[in-house]
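Student: I would like a close look at a single part of this protein. Please take me through it step by step.

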Amino acid sequence: MKLLEAKIKEDGIAVNEHILKVDSFINHQVDPMLMQEMGREIAEHFKDKGITKIATIESSGIAPALMTSIAMNVPMIILKKQPSKILNQDLYQTVVTSFTKETNYELTLSKKYINENDHVLIVDDFLANGEAATAALRLLRMSHATIAGFAVLIEKSFQPGHQKLTSQGIEVFALAKIAKMAENYIEFL
Ligand code: 5GP
């Protein structure tokens, strides 16, 4: 998506060869018009797939997921990050290794909101190692929902996430794909 690539070029900050900061338009301050356009683009791509729900991972996936869910007119479900605790019968739970924070956290989904009749599109801000996406897939599989695909604003294509998902048969749709980064340098695929 040219609009997103231009914005990344202008306002994204490549901290080093692994981390891109997009705090001024995606993660901290949100550019609502750009976010709306991105949601529409994702919705357009998946419009004929029979999607019943959008799932995302708390918290930076919420803005793009909400825009997508508005464009598709389906509910959005937030997979919630919670500190580890005793197994709860009303929740599906799984553990995720965080890329940015280098820690583990628990991801949960209430059994009330997704079931075997759902066909779910996962939406997130970044695809890096694919740990968050894989954990989301694990939760959705526990609910016996089917998976329509994984849509992401920014894929860092030099990291293993894309391969990890496609090798499980999951379609990955990325609005911007970064081939290479270095401090203050970004190259798109
Ligand atoms: P993964 O599980 O694919 O390794 O990482 C996914 C999560 O880590 C994303 O949801 C995002 O919140 C965060 N993340 C990964 N790489 C970056 C990055 O380069 N910049 C920012 N701001 N967040 C990232």
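In which strand is the place of Leu 153? Please start there and work outwards.

Tutor: Keep in mind that this is a predicted model. Leu 153 sits in strand 8. Is Leu 153 buried or exposed? Its relative accessibility is 0%, so Leu 153 counts as buried; the cut-off for buried is under 20%.

Now look at what surrounds this residue. Leaving aside residues up to four places away in sequence, Leu 153 touches Leu 4, Ile 26, Met 35, Met 38, Ile 42, Pro 64, Asp 124, Asp 125, Ala 174, Leu 175 and Ala 176. Take Ala 174 from that list. Along the chain, Ala 174 and Leu 153 are 21 residues apart. In space, their C-alpha atoms are separated by 5.7 Å.

Next, follow the contact with Leu 4. Leu 4 belongs to helix 1, which spans residues 2-11. There, Leu 4, Glu 5 and Ile 8 are buried. These three cover an arc of only 100° around the axis, so they lie on the same side of helix 1. What is exposed on the other side of helix 1? Lys 2, Lys 9 and Glu 10 are. The buried residues of helix 1 pack against several elements, including strand 8 (146-156), the strand of Leu 153. Among the others are helix 2 (23-27), helix 3 (32-45) and strand 9 (172-182).

Now go back to Asp 124, another residue that Leu 153 touches. Asp 124 leads us to the ligand. An N or O atom in the Asp 124 side chain is 2.9 Å from an oxygen atom of the ligand. Glu 131 uses its backbone instead: an N or O atom there lies 3.0 Å from a ligand oxygen atom. The side chain of Asn 27 has an N or O atom 3.2 Å from a nitrogen atom of the ligand. Taken alone, the ligand exposes 510 Å², and the protein buries 89% of that.

Which elements give two or more residues to the shell around the ligand? They are strand 7 (119-127) and helix 5 (131-142). Strand 7 provides the largest share, four residues. In all, 17 residues surround the ligand. Leu 20, Asn 129, Gly 130, Ala 132 and Lys 156 come nearest. Sorted by class, the shell has seven nonpolar, six polar and four charged residues.

So trace the path once more. Start at buried Leu 153. Step to Asp 124, which it touches. From the Asp 124 side chain, cross to the ligand.

Key:
Residues numbered from 1 in each chain as written. Predicted model: local features only at pLDDT ≥ 70, side-chain atom pairs only at ≥ 80, totals over all residues. Heavy atoms only, no water. Buried < 20%, exposed > 50% of the residue type's maximum accessible area, 1.4 Å probe, protein only. Arc of directions from axis to C-beta. Contact = heavy atoms within 4.5 Å. Near = heavy atom within 4 Å. Polar contact = N/O pair within 3.5 Å; in protein donor to acceptor, adjacent residues only side chain to side chain. Areas by Shrake-Rupley, 256 points an atom, 1.4 Å probe, with all protein chains shown as cover. Nonpolar A, V, L, I, M, F, W, Y, C, P; charged D, E, K, R; others polar.
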